[in-house]
Amino acid sequence: MTTEQNDVKQAGPPGVAVLVGALGVVYGDIGTSPLYTIRASLSGFSVLDPSHIMGVLSLLFWMLMLVVSLKYVTLILRADNRGEGGTLALMELAARGRSGRKRWVLVVLGLIGASLFYGDSMITPAISVLSAIEGIGIVSHTLDPWVVPVAVVIIFGLFMVQSHGTGAIGKLFGPIMLLWFLSIGALGAYRIVQTPQIIQAFNPMWALEFIAQGPWTAFLLLGAVVLALTGAETLYADMGHYGRPAIRRAWFGVVLPALVLCYFGQGALLLGDPSAIRNPFFLLAPGWLLAPLVGLATVATIVASQAVISGAFSVTRQAVQLGLWPRMVILHTSAKEEGQIYLPRVNQLLCLAVLVLVVGFKSSENLAHAYGFAVTGTMLMTSLLAFSVLPRHSTGAKRGLWMALLSVFLVLDILLFSSNTLKIVDGGWLPLVVGLGLFTLMLTWKQGRDKMHQTLAGDQQPLKDFVDAIEQYPPVRVPGTAVFMSMIVDTVPPALLHNLKHNKVLHEQVLFLNVQSADVPYVSFDERYTLERLGRSSWQVVAKWGFKQEPNVPQLLELLAHEHPELNLEPMQTSFFLSRQTIIVVRKLPFRMRWRRSLFAFMARNASRSTRFYKIPPNRVVEMGMQLEL
């Protein structure tokens, strides 16, 4: 997808197909929240009083309106990086044009948000599928022991099919979620008609009175109410798939009404029968409709889980392209859609983590204690980064309005996050540990790469002077073209020095190629490269790809050969020379300085081969080994 294509997607009103597609990809997570949110929010009361039901429901409704409708759907979606959203895209947008300490702070905030996203990616499939399968216990309690085994089989099967792609069944995701939203909305309306006084909870005074009567209780309750907001970050992260207009129209036209009807329907049910708190969602349905609802809920949670898994693949690819994570094997499962990718390592680790959660926690009620910490942390990072983006080009009163609005949302995010920190002992420690671990790995990789670049840049000589010297005193020339991959622009690649030292020859034409990742999601072919002639037979190319694109060096050379016929880039006459660095850690360093260098060296050894990453045919590559001390 080019930049121009992405811009077209933002223009004009979205069609019905686009809106339905957005339901399947964007709203699966937040759309399945009614399965467990009301139960988690109200099950802590020893006596379920009507004032509790009305107060919690009013608080939940207004949190949906403030955090999702106003903050994300109305405001944060404006902070797009050429049509793309998400923590890393926002980080690149916020850091653009900034340097020094301020840029580093913004990068760290982005890394924290991305690390916590993986904690959310682990818990969402586990809690969603478990909460759906638990419906069979309402059909018959004799089926309760089968909840965990069935959930394990479904989740394992879901991860196993990832390598085959989801293009075919993905077309059904939108219609399935449309049916889901219509169904839960209808069930909620059915109960509201029976107990119409529940609509009084729209009045924010119920929420304010509930807070006034027990401020500490209301603060603790935010840790459960936030379960209704867990898919909010996905709205922003998936903006690039369907565009801002489609996401907004789908939210206000279908998703929000269905969620509100479902939540208020559960509240109406509990007003008439407080004992229904054991599973208020499934008890919304009449007995004859219970089994079909369990089946539909199971399919809906599979769709929600698939969206989260795809999101994990996408975020990992962005991190790799931005130099925040080692190179990984990225496989395409569709010849037509660039976004349909499969990362074997991520899939395996995520599958293992989700299965451990299902077996370890055994119920969605137990998992609810672990849920919320990661997503509120990501929401907090988004708000902090938004301060550097949304008011940037505004002045005067408009800038003041932006700052005031973002300050309100920041306070809300801090309240939600701090409330969820109280759940660390009960299970919130899990996403915290995962987030800290991934943050350490990402920060280590980025700082290690920066240190390696500094070391190499200090040892290498200027490229232009070197080219002038070898053209003045030329070595033996051999037919063909040599492409030297260079990490640093305008410096002599180590592979060239090693080639001259050991082989004592140079090809008739020499092309120095530096590949960079841009701070935008897509770079068009017109902006793909810059070419500089360094001498009679030497050129330097600086090529750029967006952070949602994958570098393809052979494709770049085809473009170069077409636009610059003087370059001999025939595939069978072109050889690639790469340097393969082996990181050596200085053992005399104290442990506090040595352990992260050792971790970086381990990550570097296990990174995917650069030939595979750049799609260079391995039979045309000459690798020159070198050792680098850190």
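This report describes one long-span helix and several salt bridges in a predicted model.

Local features need pLDDT of at least 70 and side-chain atom pairs count only at pLDDT 80 or more, while totals for chains, interfaces and linings use all residues. Residues are numbered from 1 along each chain as its sequence is written, and side-chain values use heavy atoms, with hydrogens and water left out.

Helix α7 spans residues 100-133 and reaches 51 Å from its first C-alpha to its last, close to the expected 50 Å (1.5 Å times one less than its number of residues); helices (H or I, at least four residues) and strands (E, at least two) are DSSP runs, numbered from the N terminus. Of the 34 residues in α7, 27 are buried (under 20% relative accessible area, with exposed over 50% and partly exposed in between, for a 1.4 Å probe and protein chains only).

The whole structure holds 11 salt bridges (a side-chain nitrogen of Lys or Arg within 4 Å of a carboxyl oxygen of Asp or Glu), among them the following pairs.

| Pair | Closest N and O atoms |
|---|---|
| R39 and E134 | 3.2 Å |
| D413 and K71 | 2.6 Å |
| E623 and R609 | 2.6 Å |

R39 in helix α4 and E134 in the loop between α7 and α8 are 95 residues apart. R39 counts as buried at 10% relative accessibility, and E134 counts as buried at 13%.

D413 lies in helix α20 and K71 in helix α5, so their salt bridge ties together parts 342 residues apart in sequence; both residues are buried.

E623, in strand β8, is 14 residues apart in sequence from R609, in the loop between α25 and α26. E623 is partly exposed at 28% relative accessibility, as R609 is at 40%.

A network of salt bridges also links R317, E550 and K615.
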